[in-house]
Amino acid sequence: MKYVIIGNGTAAIAAAESIRARDGRGEIVMIADEPYHTYGRPLISYYLLGKTDAERMKYRADDFYSENGIETLFGKRAVKLDPEKKEIVLADGERIGYDRLLLATGSRPFDPPMEGIERVSHRFHFMTFADALALEKELSPEKRVLIVGAGLIGLKCLEGIADRVASVSVIDMADRILPSVLDAYGAGIVQRELEKRATFYLKDSVATFEKDRAYLKSGKQVAFDVLVVAVGVRPNVELLKEAGGAVSRGILTDDGQRTTLQDVYAAGDCTESYDVTAGSNKILALLPNAQFQGACAGTNMAGGDAHFTNAVPMNAIGFFGSHILTAGSYVGETYEEKSERTYKKLFYADGKLKGFILVNMPERAGIYTSLLRNAVPLTEVDFEALKREPGLMAFSASYRAEKLAGAAASGAREE
Amino acid sequence: MKRIYVNEKWCLGCHLCEYECAFANSGLTDMVKALKGKVIHPKIRVEDGEEVHFAVNCRHCSDPICVHSCIAGALSQGADGVVGIDTDKCVGCLTCVLVCPYGAIMPAADGHVAQKCMLCIDNVCGEPNCVKYCLNNAIVYEERD
């Protein structure tokens, strides 16, 4: 059996590990355009912050590929999928045959049309280690940086560079920072913290760029030396789409990560997931989700029977010592606790916990995540107690007997 | 593997396990120096109800969601089943805190990394110090699976 994996990120690594757990002999080939040993993508901001380095960023040990008998074709780009011949074509024309194929092609930065952007010579994205290295070369104490996009990527970039440059400005069309994960109150707490390090221009956008100046729609001007565009990402679906596989916004798969093409699987940021808290398909470009999908795909590629059925959005983001943990969907009734620096908001509907926002109160948040991922009926727990404080006391004695006292024959499992 | 199991009917809620945990991980040999007047950050925590008390620490799950979710590759499961954390690699993002269904992984005292129970194989005790000093066998360390 020959397994080919396109990608070298979280989903790809998880799939390779799952394949090897079931099939010690099959051939595994990993193809990726990035030339690096696998690394934790979200670590690039921590790299600029000085909290990690190239060595510690490695997502797996140096001998990962050799230990697992994986042939690596890094620095090579897959440009075509031929599902009839079961071959992948590389940019240099080489053709690689497969019995089972995984597309873990990730996503790429989205570049919206912005007038005059071509006049800006020092402009960057913030997705890859190469992006971080290129941006790092431009950082110095006199530089002014403009970041377009106050989402997760833009603000993690802000954190990474704030102490290495003269000033940072951030522009976003939304009325608040982190609009996809925070409501107004939560965003306010975080924004007040970040305003010590950056100037924000919200409900605003760039009308036109000159070489080192942005003219905003509001009439304001922002002078800068370095521009970072972080307005969003787009899934890399082209290989599958051009081969005739089903794609919506992301690659469509069943709950075993099978695409509509025979023996072709997909996992990670290039795919859509069924968000159990929303009851609809979404692109969940999040590292844990990529791992869950990749592991599921790998198991099935090697002849197993895995199903990934409890995808949910979830984010853990920190800025300068503040911690924001969120998960699920912001629908239904709510429970709130507010203070100057902390915020808890729980969302519940149909007798289930649907989502939560926790700002600077991370303690035991996973108990909430577990409730919503597993769609636990709130009648089974003391939800009034859980609202105030996540704890196992609010669960039944039999749940605790199984989970803590080993009452279940299977021993401790995560769910 | 050997795991810590809870007998909640025997737990008095004395919280001694929390102090023994903090002591074991303090790197000090004098308990008074290690703990007196200090705010402790144990890796085990006792939940107290009106009648019920019990201790919770890492279950060393056979399918550990914290390991799967770690963005840095800092959490891993050894061949012995122990879920360990490499604090050199951890960047303190708290994704593990976001996913642990037991609330058994938490920010470390300095706030920069996460911490979790490693069954005292990462300190001089070698075996769980919380279990060793539990007066009532409300937590035990046993091979059951």
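Reader: What makes strands 4, 5 and 6 of chain A an open sheet, and in which sense do they pair?
Author: In this predicted model, three strands of chain A form an open sheet in the order 4-5-6, with antiparallel pairing. The edge strands are strand 4 (78-82) and strand 6 (95-97), each of which pairs on one side only. Strands here are DSSP runs of E with at least two residues, and helices are runs of H or I with at least four, numbered from the N terminus.

Reader: How do you know that strand 5 and strand 6 of chain A pair?
Author: Two strands pair if DSSP finds at least two bridges between them. Strand 5 (residues 87-90) and strand 6 of chain A have three bridges, so they meet the definition of a pair. Ile88(A) stands opposite Ile96(A) in strand 6.

Reader: How are residues and chains labelled, and what limits apply to a predicted model?
Author: Residues are numbered from 1 along each chain as its sequence is written, while chains are lettered from A and ligands numbered from 1 in the order in which they are written. Local features need pLDDT of at least 70 and side-chain atom pairs count only at pLDDT 80 or more, whereas totals for chains, interfaces and linings use all residues.

Reader: Why is Ile367(A) called buried?
Author: A residue is buried if 20 or more other C-beta atoms, placed from the backbone, lie within 10 Å of its own, exposed if 12 or fewer, and partly exposed in between. Ile367(A) has 22 C-beta neighbours inside 10 Å, so it counts as buried. Ile367(A) is found in helix 9 (residues 365-373) of chain A.

Reader: What does Ile367(A) touch?
Author: Leaving aside neighbours within four places in sequence, Ile367(A) is in contact with Pro390(A), Gly391(A), Pro101(B) and Gly103(B). Contact means that the C-beta atoms of two residues, placed from the backbone, lie within 7 Å.

Reader: How many residues of chain B are in contact with chain A, and which element of chain B gives the most?
Author: 41 residues of chain B are in contact with 44 residues of chain A. Helix 4 of chain B gives the most to that side, with four residues.

Reader: Which residues touch the most other members of the largest nonpolar core?
Author: A nonpolar core is a set of buried Ala, Val, Leu, Ile, Met, Phe, Trp, Tyr and Cys residues joined through C-beta atoms within 7 Å. The largest has 172 residues, of which Ile5(A), Ala15(A), Leu102(A), Leu103(A) and Val228(A) touch the most other members. Beyond its neighbours within four places in sequence, Ile5(A) has contacts including Ala15(A), Ile28(A) and Leu102(A).
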